Amino acid sequence: MRDADRMNGSNKPAPSRSVVRAMIWATVPVLLLVQLLASAGVEVSSFWVQIRQLDARIARVAESRAELIAEPLWKMRYDQVTGVLNEIMHDETIAAAAVYDDTGVVVARVVARPVVQALAEVSRPINYSNGNMAVQAGRIAIAYSYASLYMGAGSRLGLLLVVGLLGTLATVIAMRISANIFIGKPLAAMMSAIQRSKQDGRAYPADVKSSNEFGQLAIAFNAMQHTTSSALDRLGHMADHDPLTGLPNRRSLSERLATLSRDAGSPDALIAFSFIDLDDFKGINDTFGHDAGDKFLIHISERLRGTVELEDWVARLGGDEFVVIRPEVSNEAAAQAFARQLLEAISAPIMLHDKQVVPRASIGLAVRHAGDPELSHLPALADIALYHAKSKAPGTVAVLDEALQHDYRRRRELELAIPSGFSEGQFEVWYQSQVDLETQDVIGLEALIRWRHREHGVINPGEFLPLIERSGNNARLTRYVLTDACRALQRLAAAGTPQIRIAINLPPSELADHSLAACLRETCERFGVTPSSLELEITEGSLINNIASASDTLRRLRRLGATIALDDFGTGYSSLAHLRRFPLDKVKIDKAFIHEIPASAEDKAIVGVIASLAGTLGLTLVAEGIERAEQVQAMREMGVRLGQGFLFHKPQPLDAVLRQLAERGVEGRVLVDSPPIAPEFAV
């Protein structure tokens with residue numbers, strides 16, 4: 001029975017000694033030191049009070065003696081001046097005194113004791129007044145010493161300093177010993193176990209024999225080490241890897257680049273960075289669903305793994321973006337060949353829901369030396385090349401070069417300058433006329449935006465319009481042009497051409513904005529013009545990509561009376577058969593079909609078919625890009641009544657348009673066979 005009790009007792013934890021109590025005893029000397037420092041602080045404060053009192057007393061002495069000396073000094077009774085100075089020499093703090101006349105010459109000087117080091121001086125002007133006369137007769141200067149104050153304060157501070165140093169030393173020793181015993185050793189043991197665990201991933205116990213709270217903490221730590229090591233491994237892998245494909249993710253990319261730079265055999269070794277973006281992955285999700293989209297991404301990741309070598313590195317950065325890094329290539333041509341090999345592997349067909357899908361991708365390639373300072377910027381550099389590939393030639397490999405970097409810097413500079421371009425009025429609206437091909441009358445104007453940059457001059461719209469769309473300023477630009485167009489309609493009416501319409505281009509994003517109709521109505525009311533004077537041009541792609549919202553927005557605009565025109569017809573995705581679904585009034589034939597007419601029989605046949613179908617659907621046709629008189633004749637023969645192009649007018653500011661209209665005596669009018677533009681009121 002005693003043995004059992006002894007065994008049970010051995011399993012009980014030893015009584016712990018409070019670390020808090022131990023630290024309280026260890027910090028008692030600190031409290032004593034604080035008291036000592038407080039006493040020293042009071043002594044120092046008292047010393048400075050005495051200093052200020054002495055300064056004030058000497059200043060009062062100087063002022064009182066200046067009053068006594070004023071008359072003798074003015075009357076040049078210098079012996080009396082000296083006598084007054086002698087009277088203040090009994091003050092043991094005063095070392096010397098001197099009086100100067102109004103020219104700065106010393107007229108009296110008294111020295112009570114040899115000059116000492118710590119001297120201060122006070123100087124006061126001596127003013128003499130007699131009746132209506134008041135002058136500055138000179139000044140008095142008194143030199144005095146702080147020596148007696150220093151001596152008294154120094155002895156007291158010295159004693160306090162000795163006591164304080166001894167107390168501080170004792171406190172430091174006590175704190176060091178107690179902290180090391182009660183805190184340092186247990187924490188060091190646990191930190192050592194943690195560091196060893198980080199090195200090889202194994203669990204190590206902390207060797208702590210203390211029975212206080214830190215000893216109990218070490219016991220809990222040791223119990224936790226084993227249960228958490230595997231969980232930490234899983235969390236670390238999840239943090240650095242994509243959960244869908246199992247590839248490394250964006251977080252591990254920077255670390256990988258740093259490792260490549262550090263472990264490269266030579267600073268001149270070439271590293272190839274391929275930035276891969278899948279083309280039209282959104283279409284895969286929209287057509288087959290997100291589950292099929294995930295399956296698609298897994299297929300792509302497996303193909304990339306199967307294409308690369310063991311030393312290569314493959315990662316998924318998110319969405320449909322992948323990265324492949326080859327740590328050593330012989331030259332840029334080899335890097336391009338490797339990137340094309342990746343494209344070929346990606347483009348093999350994949351079966352999704354029993355449908356064969358052919359993946360397509362674009363690759364931006366950047367090649368840099370391992371010792372290049374720009375190595376950490378490889379993702380951004382390759383992204384520049386990828387942007388070029390997707391915008392210029394999707395499904396290809398674009399290699400970063402100086403021209404692409406220059407284009408990127410210019411594009412980025414312009415994108416950042418867009419807000420100031422609006423605020424400073426750098427954007428200008430120019431106008432190009434639309435004419436009746438039979439009568440040559442100007443029946444409308446198209447508003448075209450221009451950017452007159454303060455450094456780059458006039459920038460091509462093809463360059464800055466995508467930047468405006470990318471920066472989210474489409475709505476701002478549309479309202480900017482709409483305001484200018486309504487102001488132009490005011491001026492046209494004042495010039496005697498109230499029937500001329502102005503066409504405005506609407507970006508695709510505006511067709512999803514249900515507030516556009518209200519904004520158009522409010523702007524027209526503000527300028528006193530009718531919405532029927534406006535023509536809104538849209539593209540085929542914006543219709544097909546936003547069928548529901550586009551139809552609703554267009555009907556709202558037509559109910560206000562605005563004319564709707566389809567711009568650049570023939571270059572998009574639809575046909576005239578599709579256009580029956582939308583409330584359209586006009587179709588503008590793209591200039592690509594007009595350029596070779598009348599020489600091209602194929603283009604003439606295409607335009608003829610478009611004209612025939614447009615007539616059947618009741619749509620007015622406008623031929624864009626007319627530059628030669630024979631094109632006008634061909635258009636008339638095929639039934640196209642309206643035209644636009646450099647043959648008639650180039651885009652120019654409104655003032656120039658108004659001058660041309662006035663010079664030619666053009667009287668704007670609407671064609672009698674144009675579709676009705678009265679507002680439609682839907683049920």
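Before you select anything, a word on angles: axes here are lines fitted to C-alpha atoms, for helices over the stretch in contact, and angles run from 0 to 180 degrees between N-to-C directions. Helices (H or I, at least four residues) and strands (E, at least two) are DSSP runs, numbered from the N terminus. What you have open is a predicted model, where local features need pLDDT of at least 70 and side-chain atom pairs count only at pLDDT 80 or more, while totals for chains, interfaces and linings use all residues. Residues are numbered from 1 along each chain as its sequence is written, and side-chain values use heavy atoms, with hydrogens and water left out.

**Stop 1: colour by confidence**

pLDDT is the predictor's confidence in each residue, from 0 to 100. The chain averages 81, and 83% of its residues reach 70 or more. Now pick residues 1-16: pLDDT stays under 50 there, and the model has four contacts (heavy atoms within 4.5 Å) beyond four places in sequence for this stretch. Jump to residues 666-683, where pLDDT also stays under 50; here the model has 37 contacts beyond four places in sequence. Where pLDDT is low, the predicted coordinates should not be read in detail.

**Stop 2: the four-stranded sheet**

Select E1 to E4. They form an open sheet in the order E2-E1-E4-E3, with antiparallel pairing (two strands pair if DSSP finds at least two bridges between them). At the edges, each pairing on one side only, are E2 (106-111) and E3 (119-130). From one strand to the next, the twist averages 15°.

Zoom in on E1 (residues 94-101) and E4 (residues 133-145): the two run antiparallel and are joined by seven bridges. Show tyrosine 100 and you'll find arginine 139 of E4 opposite. Then add helix H3 (residues 78-87), which lies across E1, E2 and E4 and runs at about 30° to E2.

**Stop 3: the five-stranded sheet**

Next up is an open sheet with mixed pairing, ordered E6-E7-E5-E10-E11. Its edge strands are E6 (313-318) and E11 (397-399), each pairing on one side only. The twist averages 20° from one strand to the next.

Nine bridges link E5 (residues 270-278) with E10 (residues 361-369), and these strands run antiparallel. Phenylalanine 273 faces alanine 366 in E10. Bring in helix H6 (residues 251-263): H6 packs on the sheet, touching E5, E6 and E7 (321-329), and its direction makes about 5° with that of E7.

**Stop 4: H8 against H9**

Select H8 (residues 290-307) and H9 (residues 332-346). They pack at an angle of about 140°, with axes 9 Å apart. That makes H8 oblique to H9, since angles under 35 degrees count as roughly parallel, over 145 as roughly antiparallel, 65 to 115 as roughly perpendicular and the rest as oblique.

Turn on side chains: Ile300, Arg303, Leu304 and Thr307 in H8 meet Gln341, Leu342, Ala345 and Ile346 in H9. By class, that is five nonpolar, two polar and one charged residues (Ala, Val, Leu, Ile, Met, Phe, Trp, Tyr, Cys and Pro count as nonpolar, Asp, Glu, Lys and Arg as charged, and the others, Gly among them, as polar).

**Stop 5: H10 against H11**

Finish with H10 (residues 378-392) and H11 (residues 402-423), whose axes come within 10 Å and cross at roughly 90°. H10 and H11 are therefore roughly perpendicular to each other. H10 brings Leu381, Ile384, Ala385, Tyr387 and His388 to the contact, and H11 brings Leu404, Gln405, Tyr408 and Arg411. The contact of H10 with H11 divides into six nonpolar, two polar and one charged residues.
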